Amino acid sequence: MSAQFNAFDRLAMARALELAERGLTTTHPNPRVGCVIARDGKIVGEGWHERAGEAHAEVVALGAAGAAAAGASAYVTLEPCSHFGRTPPCADALIQAQLARVVFAIEDPNPQVGGRGALRLREAGIEVESGLLAREAEELNAGFLSRMRRGRPWVRIKLAMSLDGRTALGNGLSRWITGEAARADVQKWRARSSAILTGIGTILADDPRLDVRAAAGRHQPLRVILDSRLRTPATARILEPPGAVLLFSAYDEPVRRRALEERGAKIEELAGAKLNLEHVLKRLAALEINEVLVEAGPTLAGAILQGGFADELLLYIAPILLGPQARVLVQLPELIDLAHSRRFTIIDTHKIEPDLRLRLRPT
């Protein structure tokens with residue numbers, strides 16, 4: 001790692017991050033990566049990875065730069081890969097193009113890479129530096145990094161509440177607490193997620209679709225239902241296309257299973273009378289799920305928080321009051337000491353008329 005980065009280095013890496021963000025909703029299950037190739041203070045080529053199986057950012061940028069890549073510097077948001085996957089190693093492509101210098105933001109935690117890309121470049125005589133705009137690069141790929149480092153996806157819980165912390169009237173009516181603009185914003189968070197997770201309570205109470213609207217021909221997240229007793233109705237709207245549906249159950253009932261499978265659902269039975277959230281998340285990681293957006297009721301949201309699995313809260317606050325008879329935001333055990341309360345840090349606030357969106361992470 002080097003701290004000797006100049007203003008142009010920072011500008012070039014910032015541009016590479018902008019390019020990487022173009023793949024925000026399309027690269028699943030791969031990381032979002034951008035690349036800029038520059039020489040003599042000018043950008044001569046740039047590219048980003050768009051979707052799995054297609055060219056990586058470095059290859060696209062090299063193609064744009066052509067012969068100008070020889071002797072140039074490459075700025076990449078993630079360490080260039082060194083293994084054969086669906087595409088050849090990017091490190092080899094950079095070597096063949098005769099780059100003089102490669103700067104990457106963060107090391108790739110994929111065990112198939114993990115420093116080998118940088119080593120291969122150095123062995124070929126290329127100057128290699130890392131750590132430039134690392135925090136921004138980590139943020140962009142929080143899900144991929146979580147899956148590689150922790151063996152589970154990044155878990156983001158979406159919640160919507162009134163000013164007094166309520167989510168629905170006592171009779172269950174909740175449409176709509178937030179305004180149309182906030183609901184449109186939720187669609188963007190769904191689109192960037194690998195999976196949307198909900199519980200059987202939400203399915204039975206609200207019959208949601210939980211898909212990405214107006215996304216014909218584009219990525220639809222996997223819709224995941226935690227349904228320990230296999231109570232999802234075969235007529236549930238969540239089973240409608242587009243997009244796949246996966247049910248986790250702790251119970252097998254052949255008739256119900258057959259009816260759900262005929263609607264296209266895949267069912268996985270996990271051992272035990274109750275579904276173990278840790279096992280569910282590990283299984284989702286094995287299915288190459290990077291980011292999970294939880295859209296569930298207070299029981300499941302509370303269980304995820306209580307288990308320490310929530311990496312981020314996406315909280316929409318509507319300027320209304322619903323009163324003490326209305327339903328609570330999350331179900332948590334009673335505390336007898338404030339020292340035991342779960343604390344969060346606000347990392348972002350955004351006004352979405354007429355509502356407010358907060359992003360929070362556990363402190």
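How many cavities of 30 Å³ or more does the structure hold? The count is 1. Keep in mind that we're looking at a predicted model here.

**The cavity and helix H6**

Let's start with that enclosed space. The largest cavity has a volume of about 100 Å³. It is lined by 19 residues, and Thr27, His28, Arg32, Arg192 and Asn290 are the closest to its centre. Two helices, H6 (142–150) and H7, each put at least two residues into this lining.

H6 is worth a look in its own right. Its buried residues are Ala142, Gly143, Phe144, Leu145, Ser146 and Arg147. What sits over them? The cover for the buried residues of H6 includes strand E3 (73–78), E4, helix H5 (134–140), E6, helix H10 (277–286) and E12. Just past the end of H6 comes Gly151, with a positive phi of about 70°.

**The largest pocket**

Now for the open space. The largest pocket holds about 1500 Å³. Its lining runs to 44 residues, and those nearest the pocket's centre are Thr202, Asp206, Glu295, Ala296 and Gly297. Strand E6 (154–161), strand E7 (166–168), helix H7 (180–192), helix H8 (200–206) and helix H11 (298–306) are the elements that give two or more residues to the lining of this pocket. H7 has the largest share, with 6 residues. So H7 turns up in the lining of the largest cavity as well as in that of the largest pocket.

Here is how the two linings break down by residue type:

| Space | Volume | Lining residues | Nonpolar | Polar | Charged |
|---|---|---|---|---|---|
| Largest pocket | about 1500 Å³ | 44 residues | 21 residues | 11 residues | 12 residues |
| Largest cavity | about 100 Å³ | 19 residues | 5 residues | 11 residues | 3 residues |

**The nine-stranded sheet**

On to the strands. One open sheet is built from 9 strands with mixed pairing, in the order E11-E10-E9-E8-E12-E6-E13-E16-E15. The edges are strand E11 (266–269) and strand E15 (344–352); each has a single partner strand, so one side of each has no neighbour in the sheet. From one strand to the next, the twist averages 20°.

At the E15 edge, that strand pairs with strand E16 (residues 355–362) in the antiparallel sense, over 8 bridges. If you want a spot to find this pairing in the viewer, try Lys351, whose bridge partner in E16 is Leu356.

H11, one of the helices lining the largest pocket, lies across several strands: E6, strand E8 (195–199), strand E9 (222–226), strand E12 (291–294), strand E13 (312–317) and E15. H11 runs at about 135° to E6.

**The five-stranded sheet**

There's another open sheet, with 5 strands in the order E2-E1-E3-E4-E5, and its pairing is mixed too. Which strands stand at its edges? They are strand E2 (42–48) and strand E5 (127–130), each with a single partner strand, so one side of each is left open within the sheet. The twist in this sheet averages 15° from one strand to the next.

Strand E4 (residues 101–106) and E5 run parallel and are joined by 4 bridges. For a landmark, look at Val102, which has Val128 in E5 as its bridge partner. E3 and E4 also bring us back to H6, as both are among the elements that cover its buried residues.

Methods
Residues numbered from 1 in each chain as written. Predicted model: local features only at pLDDT ≥ 70, side-chain atom pairs only at ≥ 80, totals over all residues. Heavy atoms only, no water. 1 Å grid on protein atoms, 1.4 Å probe; cavity = no way out; pocket = protein on both sides within 12 Å on 5 of 7 lines; lining within 4 Å. Points joined across faces, edges and corners; volume = space filled by probe spheres on them. Nonpolar A, V, L, I, M, F, W, Y, C, P; charged D, E, K, R; others polar. Pairing = 2+ DSSP bridges. Axes fitted to C-alpha atoms, helices over the stretch in contact; angles between N-to-C directions. Contact = heavy atoms within 4.5 Å. Buried < 20%, exposed > 50% of the residue type's maximum accessible area, 1.4 Å probe, protein only.
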